[in-house]
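Me: Please pick one part of this chain and give me a close look at it. Then tell me what it packs against and what it is tied to.

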Amino acid sequence: MKSDKLHQIMDAQLKETRRMRESSQDFIQRVVHLYALHLMRQGNIPLNFMDDVLTDIEAEAVEIYRKKTYGFMTLEEFRRHKYRQSNDI
């Protein structure tokens, strides 16, 4: 089964540990931006409806984010727990 591109982008960005102290809002905005660029490259977003599409993408990204990080207070806490490096204390 092919995974949805938004889910793929979300997973890849959650694994990104170079931005450990990134806020949830900044994270969501980055994911929305990356997914919108993907859609625009395919020609799937009419410019007249760009704001509506971005609002819908953000709502879906927030829902996915909440499900993936459930049980953690912050994005940093999630990343530290889930993607801990072998040399981390």
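Reply: First a bit of vocabulary: a residue is buried when its relative accessible area is under 20%, exposed when that area is over 50%, and partly exposed in between, using a 1.4 Å probe and protein chains only. The areas themselves come from the Shrake-Rupley method, where only the protein chains shown count as cover for a residue. Keep in mind that this is a predicted model, where local features need pLDDT of at least 70 and side-chain atom pairs count only at pLDDT 80 or more, while totals for chains, interfaces and linings use all residues. Residues are numbered from 1 along each chain as its sequence is written, and side-chain values use heavy atoms, with hydrogens and water left out.

Quick overview before zooming in. The chain has four helices and zero strands, giving the pattern α-α-α-α along the sequence. Helices here are DSSP runs of H or I with at least four residues (strands would be E, at least two), numbered from the N terminus. The C-alpha atoms fit a box of roughly 50 × 25 × 25 Å along the principal axes. Of the 89 residues, 31% count as buried.

I'd go for helix 3, residues 50-68. With 19 residues at 1.5 Å each, helix 3 should span 27 Å, and its end C-alpha atoms sit 26 Å apart, which agrees. (The expected span is 1.5 Å times one less than the number of residues.)

Which residues of helix 3 are buried? They are Met50, Ile57, Ala61, Ile64 and Tyr65. Those residues cover an arc of only 100° around the axis, so they lie on the same side of helix 3. The arc is taken from the directions between the helix axis and the C-beta atoms. The spacing rule behind this is simple: an α-helix has 3.6 residues a turn, so residues three or four places apart point the same way. Flip to the other side of helix 3 and you meet exposed residues: Asp51, Thr55, Asp56, Arg66 and Lys67.

What covers the buried residues of helix 3? The cover includes helix 1 (5-14), helix 2 (24-42) and helix 4 (75-82). A contact here means heavy atoms within 4.5 Å. Across the whole chain, looking at contacts with a separation of 6 or more, 67% are between residues 24 or more positions apart.

Now the rings. Rings of Phe, Tyr and Trp (its six-membered ring) pair if their centres lie within 6.5 Å; planes under 30 degrees apart are stacked, over 60 edge-to-face, and the rest tilted. That rule gives two aromatic pairs. One of them involves helix 3: Phe27 and Tyr65 form a tilted pair, 5.6 Å centre to centre with 45° between the planes. Phe27 sits in helix 2 and Tyr65 in helix 3, 38 residues apart, which makes this a link between distant parts of the chain. Phe27 is buried at a relative accessible area of 0%, and Tyr65 is buried at 9%. Then there are Phe72 and Phe78: their ring centres are 5.4 Å apart and their planes stand at 80°, so that pair is edge-to-face. Phe78 is buried, at 4%, whereas Phe72 is partly exposed, at 24%.

On to charges. Side chains of opposite charge can pair when their charged atoms come close. A salt bridge here is a side-chain nitrogen of Lys or Arg within 4 Å of a carboxyl oxygen of Asp or Glu. The whole structure holds seven salt bridges. The one to note for helix 3 joins Asp11 and Lys68 at 2.8 Å, N to O. Asp11 is in helix 1 and Lys68 in helix 3, 57 residues apart, another link between distant parts of the chain. Both ends are partly exposed: Asp11 at 29% and Lys68 at 31%.

Beyond helix 3, helix 4 has ties of its own. Arg21 and Glu76 meet in a salt bridge at 3.2 Å, N to O. Arg21 lies in the loop between helix 1 and helix 2, and Glu76 lies in helix 4, 55 residues apart. Arg21 is exposed, at 67%. Arg79 also pairs with Glu22, with the closest N and O atoms 3.2 Å apart. Since Arg79 is in helix 4 and Glu22 in the loop between helix 1 and helix 2, the pair ties together parts 57 residues apart in sequence. Here both partners are buried: Arg79 at 1% and Glu22 at 14%. Salt bridges with shared partners also join Arg21, Glu76 and Arg80 into one network.
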